[in-house]
Amino acid sequence: MANAITTAEFDSVIASSEKPVLVDFWASWCGPCRALAPVIDEISREMADKLDVYKCNVDEEADLATQFRIVSIPTLILFKNGKPVHQIVGNMPKPALVAELEANL
């Protein structure tokens, strides 16, 4: 299951990760976010050897949402070496999401 990430720990978690990091920016009131949540949890388990996965609640961590210019949710950002390298906006079927992540790892 994906871990929650806060503004306070964000930089150290992203920078210290040996693997690419996927951050799911979401909110509890967002229907597409809730629909995507089980897929994110499956990806977190199934791709654990290649990827660390975190969830960022945009209502609780508004500073992070602003920093990464999150205007639509769900938004997924893939980080490598502490830098954002790929962004996915909106819900999508798991096979398409996995394929897009694999192509950018």
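This text leads through the nonpolar cores of the structure and the strands around β4.

The model is predicted, and local features need pLDDT of at least 70, while side-chain atom pairs count only at pLDDT 80 or more and totals for chains, interfaces and linings use all residues. Residues are numbered from 1 along each chain as its sequence is written, and side-chain values use heavy atoms, with hydrogens and water left out.

The largest nonpolar core (buried Ala, Val, Leu, Ile, Met, Phe, Trp, Tyr and Cys residues joined through side-chain atoms within 4.5 Å) has 19 residues. Buried denotes under 20% relative accessible area, exposed over 50%, and partly exposed in between, with a 1.4 Å probe and protein chains only. Ile5, Phe10, Val23, Phe25, Phe68, Ile70 and Phe79 have the most contacts inside this core. Two or more residues each come from α1 (7-16), β2 (21-26), β3 (52-57), α3 (62-67) and β4 (75-80); helices (H or I, at least four residues) and strands (E, at least two) are DSSP runs numbered from the N terminus. Apart from this core lies another, of 15 residues, among them Leu22, Ile43, Met47 and Leu97.

Beyond its neighbours within four places in sequence, Val23 is in contact (heavy atoms within 4.5 Å) with residues including Ile5, Phe10, Tyr54, Ile77 and Phe79.

Five of the six residues of β4 are buried, so this strand is largely enclosed by the rest of the structure. Strands pair if DSSP finds at least two bridges between them. β2 and β4 run antiparallel and are joined by five bridges, with Phe25 partnered by Thr75 of β4. Six bridges pair β4 with β5 (residues 83-89), also in the antiparallel sense, and Phe79 stands opposite Pro84 in β5. β4 and β5 form a hairpin with two residues between them, and Asn81 in the turn has a positive phi of about 55 degrees.
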